[in-house]
Amino acid sequence: MKETIDQNGAGAVKTAKFFTVRNMAFIAVMAALICVAAPWSVPMPGLVPVSLATFAVYLAGSLLGWKKGTIAVLIYVLLGAVGLPAKLFGVTGGYIVGYIPCALISGLFVDLFYKKNASKNPFVNGAWAIPVGMIAGTVVLYALGTVWFIIARGVTLEVALASCV
């Protein structure tokens, strides 16, 4: 929060600026980190590899919070829409689109349960929220990716689950 004096000088007015240079730098660095992590992947027996970008998305939501983390992931997805680091229009496009709610959900868990409780009690500080938020985000990520895969390939749910998850 930033305090400013109004025109009459009567009192301080608190204003919160979201798009500060510091926040924009954090968002840009996290979007760049996702771009750098995306090519690193482990090939799997199916058509969908496990990418290090998923870990970077977890970091975006957990470290930056749900708003800034989601914006960083959205920048990555928009870059993928124009063809830069990601292939948005393929069988794995649903997973890339699923990064957005994954960052949002993991960031929400951290913001709601971890950051609010961190200063109250150091022993029971809500550290459980970080992995639970990541797991909840992964469930949504896999659901979107699997549905996209079914539509793109025209296969059944069983075939998609065998190939993707």
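How many of the 12 residues of H2 are buried? Hold that thought for a moment, everyone, while I set the scene.

What we have on the screen is a predicted model. The protein chain has 165 residues, and buried residues make up 34% of them. Its secondary structure comes to six helices and four strands. If you walk along from the N terminus, the order is β-β-α-β-β-α-α-α-α-α. Contacts that reach far along the chain matter for the picture too: of the contacts with a separation of 6 or more, 54% join residues 24 or more positions apart.

Now back to H2. Nine of its 12 residues are buried, so H2 is largely enclosed by the rest of the structure. The buried ones are Ala53, Thr54, Ala56, Val57, Tyr58, Ala60, Gly61, Ser62 and Leu64. As for its length, 12 residues at 1.5 Å each should span 16 Å, and the end C-alpha atoms of H2 are indeed 16 Å apart, so the two agree. Just after this helix comes Gly65, with a positive phi of about 95 degrees.

Let's see what H2 is packed into. The largest nonpolar core has 28 residues. Those with the most contacts inside this core are Ile34, Val57, Val73, Tyr76, Val77, Ile96 and Tyr99. Two or more residues each come from H1 (21–37), H2 (53–64), H3, H4 (93–115), H5 and H6 (157–164). And H2 gives the most, with six residues. For those who like a general principle, nonpolar side chains in soluble globular proteins tend to be buried together.

Val57 in H2 is a nice residue to click on. Leaving out residues up to four places away in sequence, Val57 touches Ile34, Val73, Tyr99, Cys102 and Ala103.

Next stop, H3, residues 66–81. Does its length come out right or wrong? Its 16 residues at 1.5 Å each should span 22 Å, and its end C-alpha atoms are 22 Å apart, so that agrees. Its buried residues are Lys68, Gly69, Thr70, Ala72, Val73, Tyr76, Val77 and Gly80. Just after H3, Gly83 has a positive phi of about 95 degrees.

How do H1 and H3 sit against each other? Their axes come within 8 Å and cross at roughly 50 degrees. That angle is neither under 35 degrees nor in the range from 65 to 115, so the two helices are oblique to each other. The crossing of H1 past H3 is right-handed. On the H1 side, the residues at the meeting place are Asn23, Ile27, Met30, Ala31, Ile34 and Cys35. From H3 they meet Lys68, Ile71, Ala72, Val73, Ile75, Tyr76 and Leu79.

Two last residues, one from H4 and one from H5. Gly98, in helix H4, is buried, with a relative accessible area of 0%. Apart from its neighbours within four places in sequence, Gly98 is in contact with Leu141 and Leu144. Gly98 and Val73 are 25 residues apart in sequence, and their C-alpha atoms are 9.9 Å apart in space.

Then there is Ala143, in helix H5, residues 129–153. Is Ala143 buried or partly exposed? Its relative accessibility is 42%, so Ala143 counts as partly exposed. From Ala143 to Tyr95 is 48 residues in sequence, and 8.6 Å in space from C-alpha to C-alpha.

If you take one thing back to the bench, take H2: nine of its 12 residues are buried, and H2 gives the most to the core. Thanks, and I'm happy to rotate the model for anyone!

Technical notes: Residues are numbered from 1 along each chain as its sequence is written. This is a predicted model: local features need pLDDT of at least 70, side-chain atom pairs count only at pLDDT 80 or more; totals for chains, interfaces and linings use all residues. Side-chain values use heavy atoms; hydrogens and water are left out. The expected span of a helix is 1.5 Å times one less than its number of residues. Buried means under 20% relative accessible area, exposed over 50%, partly exposed in between (1.4 Å probe, protein chains only). A nonpolar core is a set of buried Ala, Val, Leu, Ile, Met, Phe, Trp, Tyr and Cys residues joined through side-chain atoms within 4.5 Å. Contact means heavy atoms within 4.5 Å. Axes are lines fitted to C-alpha atoms, for helices over the stretch in contact, and angles run from 0 to 180 degrees between N-to-C directions. Angles under 35 degrees count as roughly parallel, over 145 as roughly antiparallel, 65 to 115 as roughly perpendicular and the rest as oblique. A crossing is left-handed if the near helix is turned anticlockwise from the far one by less than a right angle, and right-handed if clockwise.
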